[in-house]
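Student: I have a model open and want to go through how its chains fit together. Can we take it step by step?
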Protein chains: 6
Amino acid sequence: MYLHTQQFINEIAVDEPDPAAANALQEGLGGQFGEMRTMMQYLFQSMNFRGDPTSKPYKDLLQGVGTEEISHVELIGTTISRLLDGSPDYNGKKTDPVDQPGANGATPLKIALDHSNIHHYLVGAQGAMPVDAAGNPWLGSYVYNSGNLVLDLLYNLMLESTGRLQKCRIYEMTDNKTARSTISYLIVRDQAHENAFAKALESLGVNWGAVLPIPKTSAEQFPEVKNLLDKGLQSIQYTFSADDQSQAAKLYRGASPSNDGTELSTAVMPEGFPMTIAPERREEFAPGLDKELLALIQATAEVEIASNEK
Amino acid sequence: MYLHTQQFINEIAVDEPDPAAANALQEGLGGQFGEMRTMMQYLFQSMNFRGDPTSKPYKDLLQGVGTEEISHVELIGTTISRLLDGSPDYNGKKTDPVDQPGANGATPLKIALDHSNIHHYLVGAQGAMPVDAAGNPWLGSYVYNSGNLVLDLLYNLMLESTGRLQKCRIYEMTDNKTARSTISYLIVRDQAHENAFAKALESLGVNWGAVLPIPKTSAEQFPEVKNLLDKGLQSIQYTFSADDQSQAAKLYRGASPSNDGTELSTAVMPEGFPMTIAPERREEFAPGLDKELLALIQATAEVEIASNEK
Amino acid sequence: MYLHTQQFINEIAVDEPDPAAANALQEGLGGQFGEMRTMMQYLFQSMNFRGDPTSKPYKDLLQGVGTEEISHVELIGTTISRLLDGSPDYNGKKTDPVDQPGANGATPLKIALDHSNIHHYLVGAQGAMPVDAAGNPWLGSYVYNSGNLVLDLLYNLMLESTGRLQKCRIYEMTDNKTARSTISYLIVRDQAHENAFAKALESLGVNWGAVLPIPKTSAEQFPEVKNLLDKGLQSIQYTFSADDQSQAAKLYRGASPSNDGTELSTAVMPEGFPMTIAPERREEFAPGLDKELLALIQATAEVEIASNEK
Amino acid sequence: MYLHTQQFINEIAVDEPDPAAANALQEGLGGQFGEMRTMMQYLFQSMNFRGDPTSKPYKDLLQGVGTEEISHVELIGTTISRLLDGSPDYNGKKTDPVDQPGANGATPLKIALDHSNIHHYLVGAQGAMPVDAAGNPWLGSYVYNSGNLVLDLLYNLMLESTGRLQKCRIYEMTDNKTARSTISYLIVRDQAHENAFAKALESLGVNWGAVLPIPKTSAEQFPEVKNLLDKGLQSIQYTFSADDQSQAAKLYRGASPSNDGTELSTAVMPEGFPMTIAPERREEFAPGLDKELLALIQATAEVEIASNEK
Amino acid sequence: MYLHTQQFINEIAVDEPDPAAANALQEGLGGQFGEMRTMMQYLFQSMNFRGDPTSKPYKDLLQGVGTEEISHVELIGTTISRLLDGSPDYNGKKTDPVDQPGANGATPLKIALDHSNIHHYLVGAQGAMPVDAAGNPWLGSYVYNSGNLVLDLLYNLMLESTGRLQKCRIYEMTDNKTARSTISYLIVRDQAHENAFAKALESLGVNWGAVLPIPKTSAEQFPEVKNLLDKGLQSIQYTFSADDQSQAAKLYRGASPSNDGTELSTAVMPEGFPMTIAPERREEFAPGLDKELLALIQATAEVEIASNEK
Amino acid sequence: MYLHTQQFINEIAVDEPDPAAANALQEGLGGQFGEMRTMMQYLFQSMNFRGDPTSKPYKDLLQGVGTEEISHVELIGTTISRLLDGSPDYNGKKTDPVDQPGANGATPLKIALDHSNIHHYLVGAQGAMPVDAAGNPWLGSYVYNSGNLVLDLLYNLMLESTGRLQKCRIYEMTDNKTARSTISYLIVRDQAHENAFAKALESLGVNWGAVLPIPKTSAEQFPEVKNLLDKGLQSIQYTFSADDQSQAAKLYRGASPSNDGTELSTAVMPEGFPMTIAPERREEFAPGLDKELLALIQATAEVEIASNEK
């Protein structure tokens with residue numbers, strides 16, 4: 001069973017909207033090696049896990065990383081939404097009144113014709129979608145779950161490393177601060193997950209030598225990433241275990257396979273960052289309420305309820 | 001951010017394995033109107049939600065139902081796994097030794113050739129997959145999120161009702177107790193979600209008359225469902241809000257739109273049911289460990305760690 | 001612009017339901033070489049047609065065949081529905097009461113678990129679907145429209161011949177009379193369309209020698225087909241032109257390219273056959289009306305309207 | 001059975017070609033909520049319709065709207081073709097001779113490399129394709145036909161409203177007159193169809209309050225739409241019933257659910273607008289005839305036939 | 001550039017046709033981890049290979065294994081064809097005359113309705129198709145080619161191991177000798193390829209300990225596999241290099257990573273096995289020639305040509 | 001069985017990188033009518049070929065053309081890679097240091113955001129992918145193999161002609177010499193293949209008149225193509241038969257069906273052109289080796305092996 005807390009797993013920096021960056025980030029959300037895929041893959045692997053009761057630490061590791069990925073979907077999805085939100089008048093393109101659809105025959109959405117994915121304005125309302133950066137919808141056949149423990153771990157290591165590789169490439173595509181704050185965070189967390197699966201394979205006798213992490217990067221290259229590495233975020237793994245039943249710490253411990261001199265350790269969850277509600281976009285008819293409907297909503301909001309949730 | 005607790009949202013009854021029933025349940029997991037879809041749709045709708053701060057109860061309702069759907073994915077996925085687990089020798093078909101792959105040239109998996117989805121034995125290891133009952137992989141383009149509040153709610157109502165319709169049909173396909181315990185529970189919870197979205201539309205002025213719930217069913221028809229209705233499970237909605245910030249109760253209250261005389265109410269989460277680890281299946285090479293690797297795993301399991309998760 | 005008349009283009013023979021035959025016929029409806037594809041391909045080719053005004057007979061030929069294909073979709077779709085309708089108790093399998101879902105926990109749909117496409121009972125309500133016989137949904141990328149006239153005609157000839165080949169194979173799979181009445185009719189009409197595109201290529205100088213029709217069949221082989229050939233149905237083409245503007249007759253004339261000694265000729269449309277409404281199936285909740293809703297529908301049916309359609 | 005008349009359901013205004021607008025309109029043709037989908041969905045729902053004979057008005061309403069959608073496919077498809085036709089030299093980009101492929105090594109199609117969908121020039125010949133605005137091919141799994149009457153109507157209402165929402169967004173993307181003449185017409189017709197399905201649900205007891213139409217728009221916003229609303233086009237529904245057997249008028253009557261003070265009424269079909277044949281595009285090899293083949297075509301065109309179509 | 005020799009890479013044993021086994025083998029041909037995928041993945045990785053000239057042994061290893069996979073596609077495809085060929089009367093089901101389509105209204109293909117993939121009889125003519133065992137068509141997005149050498153090798157190791165795992169499972173599904181001769185051969189060759197990529201990673205410093213091969217199998221389990229292991233086929237790699245330019249031997253050497261005590265070595269290519277042409281199947285209209293066309297083909301066959309190929 | 005020689009089938013001219021041209025060429029590689037498709041289609045048709053032993057020339061023709069297509073995949077794939085390689089700083093866009101990822105927070109890949117297919121930089125490493133020019137992955141359902149000889153040949157003729165048509169259109173999109181050298185070569189080879197299938201149909205009695213080749217082109221139009229036609233490359237077909245067993249010459253002989261006055265003839269294979277290894281791209285982490293890993297690779301390269309390949 002899952003619980004939710006109204007906080008983001010990392011802070012999303014404020015910057016100008018940027019639909020091209022938003023589109024690049026879609027790969028990290030709905031791509032073959034993005035967060036929706038890691039999330040689903042680990043949840044299925046945990047759900048279908050087989051083995052002796054002594055193998056529980058492996059199941060718990062999968063469950064913990066998988067739960068974190070749901071929060072990553074939430075983080076990168078919201079980041080994409082913020083990069084799109086209000087983008088019709090980004091970059092000084094203000095020839096038509098934006099957010100004033102009442103203007104006589106205006107074209108406030110004309111940006112959609114020649115920027116990244118037209119669906120961001122036409123099918124969604126300047127929000128994230130479950131597709132990759134080339135517009136391909138997410139596919140169930142991405143999920144790998146052979147049931148063979150060595151193979152599943154090997155795939156997961158490759159998967160996290162590929163995700164990290166792609167995010168490093170996205171980093172090199174844009175310097176928008178909103179985009180980079182999330183991309184840098186995920187680069188570091190992907191390394192933490194590389195460590196998790198590499199360590200699990202170490203427990204089965206594999207020695208990785210110097211090949212990790214993948215890709216090889218240097219601190220000078222990605223300053224925002226360096227800040228997070230300095231805090232050791234690549235060497236901690238959360239269990240997100242509300243009832244503290246996880247045994248993942250039996251695996252996620254000892255010297256990091258990334259050869260960076262750190263020791264791996266676990267914790268339940270990080271501190272979170274506050275959530276807000278995105279503003280109305282009238283040119284998208286989102287949420288599309290007229291005065292009459294707005295009044296009804298406000299009546300709902302004012303309801304005093306004996307707090308029956310406790 | 002999300003947390004996990006090692007408990008199922010409902011109990012899964014014990015019965016014989018049944019791969020054909022398992023395959024039918026795949027529609028409820030990976031089908032166009034299954035739990036993966038409702039989960040993703042509501043998480044995207046909540047993530048991309050737009051509106052005045054007074055509209056927070058609507059966002060919270062979406063978030064709460066969406067979080068519940070993750071637990072439904074876990075429940076129905078595990079149910080499918082149990083229906084498949086050990087199924088090669090179900091139904092008295094024991095001509096070859098099962099789970100003894102050392103037997104000289106035996107065919108312990110021959111059941112796979114003519115029962116439901118061969119991928120359950122060939123690609124997965126007698127476990128659930130993110131596909132529907134006809135084998136189509138789940139598709140990102142299933143997710144609907146127009147950004148228009150009325151439309152999103154209308155779609156969600158239709159989605160829950162269709163999910164419920166399909167589950168009622170699955171109920172009529174099998175009397176396996178494992179399958180029915182989960183299907184019956186989801187029929188009732190889908191009705192609770194029908195109520196949620198119907199009520200949200202009521203708050204915007206729609207009057208549903210006598211069309212709900214969809215489909216119309218009678219208590220005599222589905223005894224397992226009747227048991228759960230008698231407990232009122234169709235008229236409660238959980239917030240799964242770990243920090244108790246949800247305002248969903250402002251919407252989910254008052255007379256049920258299902259016209260069954262009940263009052264709607266909310267709670268944080270239900271009591272859960274214990275999880276176990278599925279046994280090894282040697283004919284699937286899952287987890288596929290030989291003596292040497294097993295010894296290494298046991299060494300991991302015996303690690304005493306200063307509980308650094310606290 | 002299109003008009004509809006409430007008649008089928010051919011009579012559908014009465015026989016027992018047969019879900020396996022229904023599934024085979026899905027290839028003729030939603031397969032890569034089925035009626036949805038020919039319909040869409042010719043409508044697009046006609047819509048995007050380029051050329052000198054003297055080329056109008058070619059455009060009109062495409063439009064006429066394309067319009068006929070919509071009626072074929074209607075014919076084969078309805079045939080599939082009839083083969084499925086009531087099939088849960090076909091073949092003597094009457095252990096559970098069908099169409100009486102009120103029975104206590106019965107499994108009237110258990111046939112769905114091991115007969116052809118489970119979606120016929122689970123997603124649809126014993127009705128046709130836009131998929132092929134292997135369950136793949138119809139795809140827009142099937143449609144071929146290069147804009148090059150010779151190529152488009154060559155493709156169409158190949159397309160009709162492949163459709164005819166597949167229907168001859170379906171004929172050999174079942175002797176159900178409902179299935180065969182439609183399949184035999186379409187085998188003959190596909191030959192008429194082979195003739196249409198072969199003749200159009202003849203007008204551009206190609207000589208087909210003895211290769212048509214494809215596949216080669218003999219009258220003794222398919223008795224139901226022979227009956228229709230004896231009536232000359234393979235050598236007539238309808239224009240379905242409500243305003244009689246079609247110039248297709250300038251192409252569809254002269255000796256048949258099938259070398260069967262017939263002369264090609266055109267007509268506006270054939271005589272039709274009456275339509276009926278399929279009965280309720282309570283185990284499918286289709287249409288799923290309870291007494292209260294039925295009473296409302298009857299009220300609508302009794303409305304006397306000043307016939308404003310004239 | 002279907003008939004065709006060589007007239008468009010609405011007039012397509014003349015303006016410059018505009019490939020980006022053409023691409024946006026592809027969503028309205030081949031998108032998940034476009035005309036191909038509504039057409040197929042209603043044709044399947046009518047074909048598979050179940051119920052008491054008293055429910056015939058519902059079947060007829062579906063059939064009538066479905067038949068109209070075929071004409072919409074024809075209208076928007078042709079509009080896209082016109083927006084593409086000759087577009088290589090639109091917008092003053094005339095560095096290479098267009099439509100003169102004999103020029104020595106010229107690049108008359110270079111526009112294809114950086115404007116909207118390259119397939120419009122490479123796979124098609126400056127013509128419409130069965131894909132959406134992001135290039136995804138149309139999918140059979142879009143079609144919804146649960147067989148449950150309330151659900152099918154609810155889905156259809158949502159579908160028309162979503163189609164209308166997307167077309168309002170397309171309107172805001174371009175002021176090309178060719179594009180807008182068709183988009184505005186379809187916005188109004190989608191509202192007529194919203195009314196159709198909303199009214200059918202009203203007949204089952206639902207009261208829509210003030211939520212319709214979706215999305216809420218104001219007359220000042222979309223001047224071309226206002227012109228059509230002033231003519232009452234949103235409150236009339238055609239039966240396209242060649243044999244006048246439709247009972248749709250029993251449902252499509254009385255006060256409009258859109259709360260605009262109009263009364264709903266039916267008619268057989270609107271007046272049409274003339275069709276023409278698109279010119280040759282030599283750079284596309286469409287139709288690609290050389291002198292010899294052209295002479296053969298002209299010979300066909302001059303054939304005098306005893307009018308055997310009468 | 002590629003050359004072909006009219007010989008199979010392994011002998012295909014003779015046994016009865018078996019369509020269910022044929023269908024299982026489709027996973028090995030057109031599945032996500034089948035031979036079409038390995039072939040395409042390695043050809044793309046070799047084609048897009050980047051690096052210092054000293055890295056040529058890695059490129060050559062990829063090219064050599066990739067070329068072998070084309071021969072595997074040929075081998076398993078032909079095996080599937082043989083398992084299907086004549087299958088309508090397999091297993092004593094001879095109620096209708098097979099291969100005599102002239103019989104009056106007979107149903108020689110009725111087996112297609114309830115055995116494995118109906119497309120094997122309806123779309124193909126009892127031959128292999130580029131789909132997996134659940135009927136999903138092969139997808140270009142299967143191909144993985146990140147460009148990062150470590151990642152590509154890691155993926156390839158996982159890919160070969162998964163292919164081997166699936167083939168071991170297929171082995172356990174059927175004891176048909178035709179099927180097993182090919183499956184056993186591919187199990188051993190997949191291990192040779194596991195060794196190739198594991199060794200390449202060893203050259204970069206990884207030590208695999210005891211985890212290889214995956215899955216762990218014992219000789220007693222799969223007798224046909226044991227025969228091939230005894231010949232050392234798991235420890236040799238062919239270069240298939242017609243101009244002997246391959247440097248793969250610099251990598252494929254030394255102790256096997258499978259810990260079986262063998263030494264790795266290379267050779268150009270194995271000896272081959274003769275090819276034949278499959279017989280006509282008249283019930284499939286394949287090749288579908290009548291007397292007149294047959295006479296024309298025989299005329300072609302008798303042409304004496306001055307052997308201009310030398 | 002297949003062999004490889006480290007030579008290209010044609011020379012790739014040197015020019016500037018051009019990612020838009022690279023993307024257009026993807027249609028020729030991974031499109032519905034591209035080289036991957038022709039390759040797979042002919043290999044399947046040859047593998048599943050049925051008939052009298054006298055029909056061997058037809059099987060051999062298919063096998064020979066199919067083998068050539070593998071070399072075409074290699075040629076066009078490499079051409080795409082060269083057009084992408086180094087493209088981030090093409091066209092004078094050098095604001096950020098390319099290939100120096102160590103630069104502090106630079107954006108060397110920003111070109112990916114607004115040029116052709118972002119996956120060329122994000123998923124691949126400036127290399128070819130198995131997708132078409134609109135980004136759709138290659139699909140197994142493209143492959144056509146009905147088993148009926150006439151139909152398969154007819155389809156193949158249409159397929160080659162469509163491939164040629166699309167390549168003529170691509171020629172008109174770019175004058176980049178790298179792109180044109182390959183496109184022009186393939187235009188001419190597609191004509192050779194048109195001739196092959198047209199001639200095979202001629203042997204069955206069809207007379208093509210003046211419709212070939214498709215599309216009609218004139219020498220002045222495409223100068224690079226004219227050069228190759230002058231060498232007669234459109235009228236020769238290679239067998240690529242390493243054991244010289246092909247009987248394709250019995251079909252590929254006599255006057256060309258293209259009516260260009262040439263005689264058809266066969267040869268084993270053309271002379272080849274040398275291959276090189278593409279350079280490292282550090283901004284793509286391809287191959288992504290640091291000093292330590294590079295040293296290990298160099299050690300491998302220096303291995304002296306007793307040449308066990310001979």
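Student: How many residues of chain B are in contact with chain A?
Tutor: In chain B, 94 residues are in contact with 94 residues of chain A, where contact means that the C-beta atoms, placed from the backbone, lie within 7 Å. This is a predicted model, in which local features need pLDDT of at least 70 and side-chain atom pairs count only at pLDDT 80 or more, while totals for chains, interfaces and linings use all residues. Residues are numbered from 1 along each chain as its sequence is written, and chains are lettered from A and ligands numbered from 1 in the order in which they are written.
Student: Which element gives the most to the side of chain B that touches chain A?
Tutor: That is H3(B), with 12 residues. Helices (H or I, at least four residues) and strands (E, at least two) are DSSP runs, numbered from the N terminus.
Student: Where do the strands come in, say S1(B)?
Tutor: S1(B) runs antiparallel to strand S1 (residues 2-4) of chain A, and 3 bridges join them. Strands pair if DSSP finds at least two bridges between them.
Student: What is the bridge partner of A:Leu3 in S1(B)?
Tutor: The partner is B:Leu3.
Student: New topic. What turn lays chain A on chain D?
Tutor: A turn of 120 degrees, with a shift of 0.0 Å along the axis and an RMSD of 0.0 Å. The two copies are thus related as by a three-fold rotation axis. Copies are superposed by least squares on the C-alpha atoms of residues with pLDDT of at least 70 in both.
Student: Which C-alpha of chain A is nearest the axis?
Tutor: That of A:Asn136, 4.5 Å from the axis.

Conventions:
Contact = placed C-beta atoms within 7 Å.
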